[in-house]
Amino acid sequence: MGIDTERDIEANLQIGPTDSGMVRLFIEAGSTEIPMDFEPEEALEIAEELRAAAQAAASVSKKKRR
């Protein structure tokens, strides 16, 4: 199983600052909760990776529509 494997799992993602100056990604799926805290610089790197992945995905879906 990898990043390209589809699954029928619903999850909720929340993103926000913590009171200690971290950025928290909070993932909830069923009874599982995963809090992930990042330094602001790490969060900006993650945001850049998300943007690059979104741009790559958009170009793939544009090619499929042609």
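These legends walk through a few close-up views of the predicted model.

As this is a predicted model, local features need pLDDT of at least 70 and side-chain atom pairs count only at pLDDT 80 or more, while totals for chains, interfaces and linings use all residues. Residues are numbered from 1 along each chain as its sequence is written, and side-chain values use heavy atoms, with hydrogens and water left out.

**View 1. The whole chain, with its three strands and one helix.** Following the sequence, you meet the elements in the pattern β-β-β-α. The radius of gyration is 15 Å, well over the 11 Å that the globule rule gives for 66 residues, so the protein is more spread out than a compact globule. (That radius is taken over C-alpha atoms, and the rule is 2.2 Å times the number of residues to the power 0.38.) The C-alpha trace spans about 50 × 30 × 20 Å along its principal axes. Helices (H or I, at least four residues) and strands (E, at least two) are DSSP runs, numbered from the N terminus.

**View 2. The surface of the protein.** Just 8% of the 66 residues count as buried; here buried means under 20% relative accessible area, exposed over 50%, and partly exposed in between, with a 1.4 Å probe and protein chains only. The accessible surface comes to about 6,000 Å², and 53% of it belongs to carbon and sulfur atoms. Those areas come from the Shrake-Rupley method with a 1.4 Å probe; for residues, only the protein chains shown count as cover. As for contacts between residues at least 6 apart in sequence, 0% join residues at least 24 apart, where contact means heavy atoms within 4.5 Å.

**View 3. The open sheet of three strands.** The order is 1-2-3, and the pairing is antiparallel. Strand 1 (12–17) and strand 3 (32–38) are the edge strands, each pairing on one side only. From one strand to the next, the twist averages 15 degrees, using lines fitted to C-alpha atoms as axes (for helices, over the stretch in contact) and angles from 0 to 180 degrees between N-to-C directions. Two strands pair if DSSP finds at least two bridges between them.

**View 4. Strand 1 against strand 2.** Six bridges join strand 1 to strand 2 (residues 23–29). Look for Q14 opposite F26 and G16 opposite R24. Strand 1 is hardly covered, with a count of zero buried residues among its six.

**View 5. The hairpin turn between strand 1 and strand 2.** Five residues sit between the two strands, and G21 in the turn has a positive phi of about 85 degrees. T18 is in this loop, and its side chain makes a polar contact with the side chain of S20 at 3.1 Å. (A polar contact is a pair of N or O atoms within 3.5 Å; within protein, one must be able to donate a hydrogen and the other to accept it, and residues adjacent in sequence count only if both atoms are side-chain atoms.) Leaving aside neighbours within four places in sequence, T18 also touches R24 and D37.

**View 6. Strand 2 against strand 3, with E33.** Seven bridges join these antiparallel strands, and I27 has I34 as its bridge partner. Their hairpin has two residues between the strands, and G30 takes a positive phi near 65 degrees. E33, in strand 3, is exposed, with a relative accessible area of 51%. Neighbours within four places aside, E33 is in contact with F26, I27 and E28. From E33 to A57 is 24 residues in sequence and 27 Å in space, C-alpha to C-alpha.
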